[in-house]
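Thank you all for coming; I would like to walk through one structure this morning, going from the inside to the surface. Please have a look at it first, and then we can go through some of its residues together.

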Amino acid sequence: MMDAFPLLSVAILADSQHHFLHQTLESIANQEEKNFEVLLLDSRPSYEWQPFKCSFPLSVHQAEGQTEGAVMNRALTLSRGIYIQFLRPGERFLSCQATAYVGQLAQENNCPEILYSAFLQKDPEQPPRAATFPLHLIKQGIAPTNLHAQWFLRSALIALGGFNPHYHRRPSFDALCALMKNHSRAVYSRRVFVDCESRPSTAIQTAGFALETCKILYRRFGLWYALRWLFVQDRALLARRLWKAIKDAFWGARA
């Protein structure tokens, strides 16, 4: 099966920050193991699309006016890879051997449903630090907001019915919860594979993140887990992001 289809489908969700796209595409072009395909899901109208000249298979698809969950489902339908990974403009592989190592990890562990890795935790008031998210704590709402530290077995997502098209902020978290609830296998790597540009959030986006997290925990695990995440878990980072978004909205324009 590894020979018939590409190992990896890299889906780039170009919802904003299009000026960083070249960084992402360049890091993909530098990979030594090229057993992958790349799909660009572009939120811009078709008349604004720019031609891309790449040394690897790249297809461009319009994704204007859709929720993130719906766009991810479209990528899932269009892709052919055994695994699928989602990136955003500005997110780039730190090593030219990243895709080779992901393939090795998958083969050595008989293609688990989930591969995941450490990632760089970005905080508005602190320097980035390497962090991880133990999946056994997923009922507590602990999972990264960035997609690039997750590789999903495509067939497992299809069997799940894909991503929830109604979610704007956390469709991947919902899929992780569903897969773990079904006792899917997950394999972890301590390596950090991808770095990313900072993506400032608005107050509405931050509030939407919290609301969808509660909805997902309630739907997948019950009311107790949703309430515990909302009232018991330390939401200091979320509060700082919300406060920064509010300050930027009200005072940033005056600076």
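Let me begin with a question: is Ser-189 buried or exposed? Before answering, I should say that what you see is a predicted model. In this model Ser-189 has a relative accessible area of 4%, and because buried means under 20%, Ser-189 counts as buried. Ser-189 sits in strand β9, which covers residues 186-192, and, if we leave aside its neighbours within four places in sequence, its contacts are Tyr-101, Leu-105, Tyr-116, Ser-117 and Ala-118.

Now to the nonpolar interior. The largest nonpolar core has 65 residues, and those that touch the most other members are Ile-28, Leu-41, Tyr-83, Phe-86, Leu-115, Phe-152 and Leu-157. The element that gives the most to this core is strand β1, residues 8-14, with six residues. If we take Ile-28 and do not count residues up to four places away in sequence, Ile-28 touches Val-10, Ile-12, Lys-34, Phe-36, Val-38, Phe-56, Leu-87 and Phe-93.

Finally, the surface. Here Tyr-218, Leu-223, Leu-227, Leu-230 and Phe-231 form a nonpolar patch, which together has about 540 Å² of accessible area. Helix α7, residues 223-231, supplies the largest share of that patch, with four residues. Phe-231 belongs to helix α7, and with a relative accessible area of 63% Phe-231 is exposed, since the cut-off for that term is over 50%.

Notes: Residues numbered from 1 in each chain as written. Predicted model: local features only at pLDDT ≥ 70, side-chain atom pairs only at ≥ 80, totals over all residues. Heavy atoms only, no water. Helix = DSSP H or I, 4+ residues; strand = E, 2+ residues; numbered from the N terminus. Buried < 20%, exposed > 50% of the residue type's maximum accessible area, 1.4 Å probe, protein only. Contact = heavy atoms within 4.5 Å. Core = buried A, V, L, I, M, F, W, Y, C linked by side-chain atoms within 4.5 Å. Patch = residues over 30% accessible without salt bridge, like charges linked within 9 Å, V, L, I, M, F, W, Y side chains within 5 Å. Areas by Shrake-Rupley, 256 points an atom, 1.4 Å probe, with all protein chains shown as cover. Salt bridge = Lys/Arg side-chain N within 4 Å of Asp/Glu carboxyl O.
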